Amino acid sequence: MLAYSILPKPETKTTSNDAYTLLLNDLAQQGIARDEIQIFNFTGSGGVWTTDVIVTRAPHSKCPTSEKRSYSDVLSFKYRPEQLIKDCAERSPIVLREEAIIDSGVIPQTAGADYACAFSAEEIAHYDNDEALAYCPLVSSADLLSFAQDVPTGSWAIQWNKNDATIFVALDAYGNVLKTS
């Protein structure tokens, strides 16, 4: 027993996939669904994994709220919180998908709609169907891509669901309506 306690322990390295999975599991244990999470800047150095996570409550409603969690070490599960969106006030410029949803949710065409997903022009240009479905299970990919094919860089394409209808809205970075369908 004494020999075991003084022998060097084999070092195990946590891979990027392991750290990412641990983070997702921890968020799930907190009751945060996958479509409420956006992960940015996931990097590692010397076995320490850092990232920024945006947690959005009611992500598909007309009034989502968002908190940014900055993890200096993912494996410690400790983070520094920063409230990004706490009310339904329109914002300009639009930086987050939640801001695009809030801004598009006040136009007459979306009255009565109760489910939305927003995609930046950059996301549309590099569209990943699996990522889109993870964020927005009700996305109509073909219709969204067709509608958003000509939205300029810095703009947003928002899909709203209203009963059996789908409404698309394109906004520029300042919340101006570029087009609807």
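Which cysteine does a disulfide join to Cys63? Keep that in mind as you open the viewer, and remember that this is a predicted model.

**First stop: Cys63 and its partner**

Select Cys63 and Cys88 together. A disulfide joins the two, with an S to S distance of 1.6 Å. If you look along the S-S bond, you are looking at a left-handed link, with -115 degrees about that bond. Now show the ribbon around the pair. Cys63 sits in the loop between strand E2 (48-57) and strand E3 (65-73), while Cys88 sits in the loop between strand E4 (78-85) and helix H3 (97-104), so the link ties together parts that are 25 residues apart in sequence.

Are these two cysteines buried or exposed? The answer lies in between: Cys63 is partly exposed because its relative accessibility is 29%, and Cys88 is partly exposed too, at 40%.

**Second stop: Cys117 and Cys136**

A search of the whole structure finds 2 disulfides, so select the other pair next. Cys117 and Cys136 have their sulfur atoms 1.8 Å apart. The torsion about their S-S bond is about 80 degrees, so this disulfide is right-handed. Cys117 belongs to strand E5 (residues 115-120), and Cys136 to the loop between helix H5 (129-135) and helix H6 (141-148); the pair therefore ties together parts that are 19 residues apart in sequence. Try turning on the surface here: Cys117 and Cys136 are both buried.

To put the two stops together, number the bonded cysteines in sequence order, and the pairing reads 1-2, 3-4.

**Third stop: helix H2**

Now select residues 16-29, which make up helix H2. This helix has 14 residues and reaches 20 Å from its first C-alpha to its last, close to the 20 Å expected at 1.5 Å a residue.

Which residues of H2 are buried? Colour Ala19, Leu23, Asp26 and Leu27 to see them. They cover an arc of only 100 degrees around the axis, which means that they lie on the same side of H2. The spacing has a general background: an α-helix has 3.6 residues a turn, so residues three or four places apart point the same way.

Turn the helix around and pick Asn17 and Gln29, which are exposed on the other side of H2. Then go back to the buried residues and show their surroundings: strand E1 (37-45), E2 and E3 are among what covers them.

**Last stop: Gly31**

Finally, step just past the end of H2 and select Gly31, where the backbone takes a positive phi of about 85 degrees.

Definitions and conventions: Residues numbered from 1 in each chain as written. Predicted model: local features only at pLDDT ≥ 70, side-chain atom pairs only at ≥ 80, totals over all residues. Heavy atoms only, no water. Disulfide = S-S within 2.5 Å. Helix = DSSP H or I, 4+ residues; strand = E, 2+ residues; numbered from the N terminus. Buried < 20%, exposed > 50% of the residue type's maximum accessible area, 1.4 Å probe, protein only. Expected span 1.5 Å × (residues − 1). Arc of directions from axis to C-beta. Contact = heavy atoms within 4.5 Å.
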